[in-house]
Amino acid sequence: MAFIADSLSRVKPSPTIAVSTKAAELKAAGRDIIGLGAGEPDFDTPDNIKDAAIQAIRDGKTKYTPADGTPEVKRAVCEKFRRDNGLQYEPNQITVNNGGKHTIYNAFVATLNPGDEVVIPTPYWVSYPDMVLLAGGTPVFAEATIKDGFKLQPAILEAAITDKTKWVILNSPSNPSGATYNARELKALTDILMKYPHVWVMVDDMYEHIVYDGFEFVTPAQVEPGLYDRTLTINGVAKAYAMTGWRIGFGGGPVELINAIRKVQSQSTSNPCSISQAAAVEALTGTQHFLSERAAVFQKRRDMVVDMLDQIDGIDCPKPEGAFYVYPSIAGLIGKTTPDGKVIETDLDFCSYILEAEGVAAVHGAAFGLSPHFRVSYATSDEALVEACKRIKRACAALGQG
Ligand SMILES: Cc1ncc(COP(=O)(O)O)c(C=O)c1O
């Protein structure tokens, strides 16, 4: 009898973390590596937020708190949802967790029975399918291709829904494609969801504040108030406030669901770090001026990276409206041969090749469920990005006909 649980055999370790680890190992071994795998802003947490955390320590906020968040942080989250999204939640409709990832995982554990299906648009954030599997559910994929700007089309969503569907996940701006739904595009999806009252909507708005070209961010429960009673709107401080290490995420939704999530959390992790909760209060209610400043920096980098990658023969790089990723197609490179005679058959082959030949670490599209692509995170310096794009260009130019 195996000691490790059977459920784990269906789950794979995070490929994005694997790429970062591999890049760090090669770097430690003396290789000149540029990492394009980062899922976090290269900015630091703003000082006002750090100061609030230091003050919380001095004030002795160092004890257990209510399992799913202090009254202060829940009020701050309510204020954020009202200010940014026009959504009214009471504190008893809010759950605060150890990162947005934890909010999502808790929600699955709290709701999924064996056989329950979760519709996940591809390309997807790597953790969704595995979290569904860990919680005993079944992921069902709905493909959003490059031709549609990686945006899920209503008919494809509808075809993926069955009697067993419990949740549909909507993530905008998307990790990995950066695709961001405007109000009209979102309404076309929520119109479908209105036809299926047994389906709940898990909304991952983690990259809300990283949008470009004046894009007006909207969230499903806002464009379709009819879905409010079966929507969990998830967000966090990690990406917007450069607080990935502080581990605070949160969700707003119906009281019954929030209570179920509290039950899961109270018997597993208990409260998220008390100091981080105090920091999150400042993040959500303090000055917000740096959000647009930082988005402007990311926008410049997006433009630069898209221009450089799209010029490369064999690469097609769409320009997304949000997040800090691009998701170019390498369809034009499949079948070509590397200088040492290996045929590029998959996007994993391509990413292995650019890592070995040029020291550029990026994540292959198969990890996100849509090939042949690769994901570039531009949450790194301009110099590193320019150099990385030059290296990718050189690597592609060195490929021969198969
Ligand atoms: C789409 C998406 N959702 C959720 C998360 C989780 O964020 P957190 O660091 O708050 O757990 C990430 C992090 O990479 C993400 O990319």
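## Pockets, cavities and ligand in a predicted model

Four elements, α1 (15-28), β1 (34-35), α4 (100-111) and α5 (127-134), each supply at least two residues of the lining of the largest pocket. The structure described here is a predicted model. Among the contributors to this pocket, α1 gives the largest share of the lining, with seven residues.

The largest pocket holds about 760 Å³ of space. It is lined by 37 residues, and those closest to its centre are Thr16, Ala38, Gly39, Glu40 and Lys239. Sorted by class, the lining of the largest pocket consists of 18 nonpolar, 12 polar and seven charged residues.

**The ligand**

Where does the ligand sit? The space that the ligand takes is the largest pocket. Around the ligand there are 13 residues, and the closest of them are Gly100, Asp204, Tyr207, Lys239 and Arg247. This shell divides by class into five nonpolar, four polar and four charged residues. Lys239 appears in two of these descriptions: it is listed among the residues closest to the centre of the largest pocket, and also among those closest to the ligand.

Three polar contacts to oxygen atoms of the ligand can be described one by one. In the case of Lys101, the protein partner is a backbone N or O atom, and the distance to a ligand oxygen atom is 3.0 Å. Tyr207 uses its side chain instead: an N or O atom there is 2.7 Å from an oxygen atom of the ligand. For Lys239, a polar side-chain atom lies 2.6 Å from a ligand oxygen atom. Taken alone, the ligand exposes 390 Å², and the protein buries 93% of that area.

**Enclosed cavities**

How many cavities of 30 Å³ or more are counted in the model? The count comes to three. The two described here are set out below.

| Cavity | Volume | Lining by class |
|---|---|---|
| Largest cavity | About 120 Å³ | Nine nonpolar, five polar, no charged residues |
| Second largest cavity | About 60 Å³ | Seven nonpolar, one polar, two charged residues |

The largest cavity, with about 120 Å³ of space, is lined by 14 residues, of which Pro121, Pro123, Asn171, Ser174 and Tyr181 are the closest to its centre. Two elements, β3 (117-122) and β5 (165-171), give two or more residues to the lining of the largest cavity.

Which residues line the second largest cavity? They are Phe43, His209, Ile210, Lys239, Ala240, Phe290, Leu291, Arg294, Ala295 and Phe298. Lys239 is thus part of the lining of this cavity, and a polar atom of its side chain lies 2.6 Å from an oxygen atom of the ligand.

**Backbone details**

Some points of the backbone can be added. The peptide bond that runs from Ser172 to Pro173 is cis, and its omega is near -15 degrees. Pro173 is located in the loop between β5 and α7 (183-194). β5 is also one of the elements that contribute to the lining of the largest cavity.

A cis peptide bond is also found from Ser371 to Pro372, where omega is near -10 degrees. Pro372 belongs to the loop between β11 (363-364) and β12 (374-377).

Which sign does the phi angle of Phe150 have, positive or negative? Phe150 is not a glycine, yet its phi is positive, at about 65 degrees. This residue lies in the loop that runs between β4 (138-143) and α6 (154-160).

Terms used. Residues are numbered from 1 along each chain as its sequence is written. This is a predicted model: local features need pLDDT of at least 70, side-chain atom pairs count only at pLDDT 80 or more; totals for chains, interfaces and linings use all residues. Side-chain values use heavy atoms; hydrogens and water are left out. A residue is near a molecule or strand if one of its heavy atoms lies within 4 Å of it. A polar contact is a pair of N or O atoms within 3.5 Å; within protein, one must be able to donate a hydrogen and the other to accept it, and residues adjacent in sequence count only if both atoms are side-chain atoms. Accessible areas come from the Shrake-Rupley method with a 1.4 Å probe; for residues, only the protein chains shown count as cover. On a 1 Å grid over the protein atoms alone, a cavity is a set of points where a 1.4 Å probe fits but cannot get out, and a pocket is an open set with protein on both sides within 12 Å along at least five of seven lines; lining residues have an atom within 4 Å of a point. A molecule sits in a cavity or pocket if more than half of its atoms lie within 2 Å of its grid points. Ala, Val, Leu, Ile, Met, Phe, Trp, Tyr, Cys and Pro count as nonpolar, Asp, Glu, Lys and Arg as charged, and the others, Gly among them, as polar. Grid points are joined across faces, edges and corners, and a volume is the space filled by probe spheres set on the points.
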